[in-house]
Structures are given as C-alpha cells and as structure tokens.
Amino acid sequence: QIASGPRIVRDAHPYGELTVAQALAKSSNVAAIKIGMQVGKERMFDYITRFGFGQKTGIDLPDESAGIVRKFEHWTYDSMGSIPMGHEIGVTAIQAVAAMAAIANRGTWVQPHIVKQIVSSDAEPQELWKAKPEMRQVISEQTADTIKNMLAGVVEIGTARHTVQLAGYTAAGKTG
C-alpha cells in the first residue's frame, strides 16, 4: 500500500517486492505510483505529451477528440498518485493504439491514417495521393525494446495471460 494524499492505495493482492516488469505484468497500482514519483511530475507530463495524449492525432477522420489531459499547471499534489495508474487522464482508442505502435516501432510515433495511398484505375496506375504521416521519436530504441519485452510478459505471465495465443507469433499488450 501507499499513501496518496489523504487516501491509501492498495493492490488487489499483496504482491510484496516486484520488479518493474512484474509490476507491469500484475498491474500494480502501488508500483505505478512509486515509479511515477521517481519519474517526477515534469518528466511524466513530458512523456504524456510526447506520446500524443491530450492532443488530436490528426487521423484522416472527422471529429477526433483530443482526450483529456489537464494542463501541467493544474496538476494537484494528488495527481502523481492518480495519473501513473491511469486516473485523471482520458485517452482515445486511436491515441492508445498510436502509443502502443510507437513502442512496436522502436520508439517512433507515426501519425495514424486510414488511407495509405490513392491510385488511378488506368491500365498503368498512377499515384494520385499518398499519405505523409508525421513521425517523431518519442523514446529511445533501447527503451522501446525494453518496454516491448515487458509488455510481452504481460501476455505471457501477467494479467493478459488468458488471451489468445497464436502459434509462431509473439504478442505484447496491456490490460486496462
């Protein structure tokens, strides 16, 4: 358990000491808060914005939401006891997919899009339009590889271990 302002946060089960990988696999809120406090408010906010949370992705669909991320100056003392475990923040499905894809892409965030290109239907097709998605490095390749391996552990031994396993494929993921 850990004190976060006036409240006490406990995990669903008393895990004891965990590695970061084990904490991710078991969805330990206590560990998430402790890690968040070590990262610090400023760096936490920086990573949240690097991954595009609180901003529209620019996907080629109408009426995209930016999700919900409070401005840094509006974070409270208790924010670091909430945000690391997914409270006080709202992300869209496309933001979550883009963030996970950035980890799979070795730390490179790629703007999501629906249409890759449009070609003519002529006998010799010509490219009429091609997507030019924004790309940016949000974390290092090494950090992305480390996180990817930890997310594979979530599927292998953690909270997502009962998901479908496909022979010959490695899966990585995170439960809610």
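**Overall architecture and the surroundings of aspartate 11**

In this predicted model, the protein exposes about 11400 Å² of surface, of which carbon and sulfur atoms supply 56%. Buried residues account for 30% of the 176 residues in the protein. Along the principal axes, the C-alpha atoms occupy a box of roughly 70 × 45 × 25 Å. The charged side chains comprise 18 positive and 17 negative ones, and the centres of these two sets are 7 Å apart.

The secondary structure consists of five helices and eight strands. Their order along the sequence is β-β-α-α-α-β-β-α-β-β-β-β-α. Among the contacts with a separation of 6 or more, 58% are between residues 24 or more positions apart.

Helix α2 spans residues 29-39, and its buried residues are Val30, Ala31, Ala32, Ile33 and Gly36. The cover over these buried residues includes the strands β1 (2-4) and β2, together with the helices α1 and α3 (41-50). At the N-terminal end of α2, serine 28 acts as a cap, with a side-chain oxygen placed 3.0 Å from the backbone nitrogen of alanine 31. Just after the helix, glycine 40 adopts a positive phi of about 95 degrees.

The residues around the start of α2 also take part in the surroundings of aspartate 11. This residue is located in the loop between β2 (7-9) and α1 (20-26). Apart from neighbours within four places in sequence, aspartate 11 is in contact with Ser27, Ser28, Asn29 and Val30. With serine 28, the contact includes a polar one between the two side chains, at 2.7 Å. A polar atom of the aspartate 11 side chain also lies 3.1 Å from the backbone nitrogen of valine 30. Serine 28 thus appears in two settings: its side chain has a polar contact with that of aspartate 11, and a side-chain oxygen of serine 28 caps α2.

Which side chain of opposite charge is nearest to aspartate 11, and how far away is it? The nearest is lysine 34, at 8.2 Å. A salt bridge requires a side-chain nitrogen of Lys or Arg within 4 Å of a carboxyl oxygen of Asp or Glu. Aspartate 11 has no salt bridge, although the residue is buried. The polar partners described for its side chain are instead the side chain of serine 28 and the backbone nitrogen of valine 30.

Note on methods: Residues are numbered from 1 along each chain as its sequence is written. This is a predicted model: local features need pLDDT of at least 70, side-chain atom pairs count only at pLDDT 80 or more; totals for chains, interfaces and linings use all residues. Side-chain values use heavy atoms; hydrogens and water are left out. Helices (H or I, at least four residues) and strands (E, at least two) are DSSP runs, numbered from the N terminus. Buried means under 20% relative accessible area, exposed over 50%, partly exposed in between (1.4 Å probe, protein chains only). Contact means heavy atoms within 4.5 Å. Accessible areas come from the Shrake-Rupley method with a 1.4 Å probe; for residues, only the protein chains shown count as cover. Lys and Arg count as positive and Asp and Glu as negative; His and the chain ends are not counted. The place of a charge is taken as NZ of Lys, CZ of Arg, CG of Asp or CD of Glu. A polar contact is a pair of N or O atoms within 3.5 Å; within protein, one must be able to donate a hydrogen and the other to accept it, and residues adjacent in sequence count only if both atoms are side-chain atoms.
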